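Colleague: I'm new to reading protein models, and I'd like to go through this one with you. Could you take my questions one at a time?

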Amino acid sequence: MPTPPPAQPEVEAPPPVAAWTLQDAKDLLSAIRGIGSEGLFARDYQPAALAAAIAKGEGDDLNQLASKLFVWLAEDLRDGRTPMTAREQWFAVDPDQDLHPNSALLAQATETHDVKGTLRSLLPTHPDYALLRQLLQTTKDPAKLALVRANMDRWRWLARDLGLQYLMINVPEQMLRLTVNNQIITTYRAIVGKPGKTATPQLAEMVENVVFNPTWTVPQSIVKGEGLGADLLAHPAKAKRLNYAVKQLSDGTIQVVQQPGENNSLGRVKLDMPNEFAIYIHDTPNRNLFAQENRALSHGCIRAERATELAMTMAILGADLPKETAVEYNLSGKYTKVPMTKPFPVYITYFTVARDVNGVMRSFADIYGRDPKVLASFAQPRQLHTTQRKSNEAVTKLDNPL
């Protein structure tokens, strides 16, 4: 039997229809004509057709067309214009369309007669988006303009409001930020995934635990694939010297767990953020690597410079742990898990034009080659949105920090 083709995401149902006054429709036309300031293209929203419908007057034709075009524009401002098929390794599901569905936005615009205000309410609140908008107005080079548009859209892929406090990693910059009220409190150099199969995916997760003196369960790709398990079983003195606990399970599987210590592959601390890729933030015994300019070196996880400081700060902010207790846990040498009591999001992002940790707008190398598909989608006509919310690429657990 031939293999059936993969299921395609369904195109969403036809947009809802509202009654439009001529003034509301004129406001929509004005918003469309000025949408270039947000990095979008007026031509995507059929301004000539809308102007013709307005000239004909109120009625069903205007209601149908204005409703459709309003929803198209609202979707692109809320969720991004880039189709999911052009977002490589994008697994950060944006909640905005659940919080502000098309029908509610359309009703708000037409019932309050505030079309432009409703559309403005969808724009990202992060100050970096506003800085990109300013850069769009002053940039003359077409190639740079295209990159600015693409990176403005990447902000729309995320939640409009990122929360009161959060961690953000910009992978091309290879830096991590602790942010409160959209203000950077402190920054850390980061080691990110190597290009290729171990590239770090784009995620939006929650830190659930701060772990002091973590253990590391060695993945079977190393235990079995590289013969580590059999070697350590045969040489228990070596296992003890390397601080591994080795056990053979009833099904024959060999389990290898590296115990806490200075040479643990996760270092002294780990920020646990459960996800399907087994990506997390951790320390490393190889701290000399943070001095390198190119830090795309890991198997996908994020290694943070001064990770102990970061973990203590997270435990204090997110779990109300007294500073003295955090120090005690860190120095104990014993595995200690501190559950977070407050939401603490982590955003692993990919911006190639952005404000760096010093506050300067600049370009970063496209280390994973993710720009071309986004740029190509902007060079094509707008695509109808579908039900797809994240990449449909295969999920590979990247749980090897070495």
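Colleague: Let's start with a pairing. Which residue in β9 is the bridge partner of Val 210?

Modeller: Before anything else, keep in mind that this is a predicted model. Strand β5 (residues 209–212) pairs with strand β9 (residues 269–272) in the antiparallel sense, over 4 bridges. Within β9, the bridge partner of Val 210 is Leu 271.

Colleague: And β13, which residue there stands opposite Val 211?

Modeller: β5 also pairs with strand β13 (residues 336–339), again antiparallel and over 4 bridges. Strands of a sheet pair through backbone hydrogen bonds. Opposite Val 211 in β13 you'll find Lys 337.

Colleague: Which residues of β5 point the other way from Asn 209 and Val 211?

Modeller: In a regular strand the side chains alternate between the two faces of the sheet. In β5, Asn 209 and Val 211 point one way, and all four residues of the strand are buried. Pointing the other way are Val 210 and Phe 212.

Colleague: There's an open sheet with β6, β8 and β7 in it. Which are its edge strands?

Modeller: That open sheet has 3 strands in the order β6-β8-β7, with antiparallel pairing. An edge strand pairs on one side only, and that picks out β6 (216–217) and β7 (244–248).

Colleague: Which residue of β8 does Thr 217 stand opposite?

Modeller: β6 and strand β8 (residues 254–258) pair in the antiparallel sense, over 2 bridges. Thr 217 has as its opposite number in β8 Val 257.

Colleague: On to helices. How far apart are the end C-alpha atoms of α3?

Modeller: Helix α3 covers residues 60–79. It has 20 residues, and at 1.5 Å a residue they should span 28 Å. The model agrees with that, because the end C-alpha atoms are apart by 28 Å.

Colleague: How many of the residues of α3 are buried?

Modeller: Buried here means under 20% relative accessible area. α3 is largely enclosed by the rest of the structure, because the number of its 20 residues that are buried is 16.

Colleague: What phi does Gly 80 take?

Modeller: Gly 80 comes just after α3. Its phi is positive, with a value of about 100 degrees.

Colleague: Is Thr 118 buried or exposed?

Modeller: Thr 118 is found in helix α6 (residues 115–120). Leaving aside neighbours within four places in sequence, Thr 118 is in contact with Phe 70, Leu 105, Gln 108 and Ala 109. The cut-off for buried is under 20% relative accessible area. Thr 118 has 1%, so it counts as buried.

Colleague: What about Asp 356, which residues is it in contact with?

Modeller: Asp 356 is found in the loop between β15 (353–355) and β16 (361–363). At 7% relative accessibility, Asp 356 counts as buried. Leaving aside neighbours within four places in sequence, its contacts are Glu 173, Arg 177, Arg 362 and Phe 364.

Colleague: How far apart in space are Asp 356 and Ile 367?

Modeller: In sequence, Asp 356 and Ile 367 are 11 residues apart. In space, going C-alpha to C-alpha, the distance is 16 Å.

Colleague: Now the empty spaces. Which element gives the most to the lining of the largest cavity?

Modeller: A search of the whole structure finds 2 cavities of 30 Å³ or more, and the largest cavity has a volume of about 110 Å³. Its lining has 15 residues, with His 126, Asp 128, Trp 155, Met 168 and Arg 177 nearest the centre. β1 (165–170), β2 (175–180) and β15 are the elements that give two or more residues to this lining. With 3 residues, the element that gives the most is β1.

Colleague: How many charged residues are in the lining of the second largest cavity?

Modeller: The second largest cavity has a volume of about 30 Å³. Among its lining residues are Trp 90, Arg 154 and Gln 202. By class, the lining has 5 nonpolar residues and 2 polar ones, and the charged count is 1.

Colleague: Last one: which helix gives the most to the lining of the largest pocket?

Modeller: The largest pocket holds about 310 Å³ of space. It is lined by 23 residues, and Pro 83, Met 84, His 385, Thr 386 and Gln 388 lie nearest its centre. By class, that lining has 7 nonpolar, 8 polar and 8 charged residues. The helix that gives the most, with 3 residues, is α3.

Key. Residues are numbered from 1 along each chain as its sequence is written. This is a predicted model: local features need pLDDT of at least 70, side-chain atom pairs count only at pLDDT 80 or more; totals for chains, interfaces and linings use all residues. Side-chain values use heavy atoms; hydrogens and water are left out. On a 1 Å grid over the protein atoms alone, a cavity is a set of points where a 1.4 Å probe fits but cannot get out, and a pocket is an open set with protein on both sides within 12 Å along at least five of seven lines; lining residues have an atom within 4 Å of a point. Grid points are joined across faces, edges and corners, and a volume is the space filled by probe spheres set on the points. Ala, Val, Leu, Ile, Met, Phe, Trp, Tyr, Cys and Pro count as nonpolar, Asp, Glu, Lys and Arg as charged, and the others, Gly among them, as polar. Buried means under 20% relative accessible area, exposed over 50%, partly exposed in between (1.4 Å probe, protein chains only). Two strands pair if DSSP finds at least two bridges between them. Contact means heavy atoms within 4.5 Å. The expected span of a helix is 1.5 Å times one less than its number of residues.
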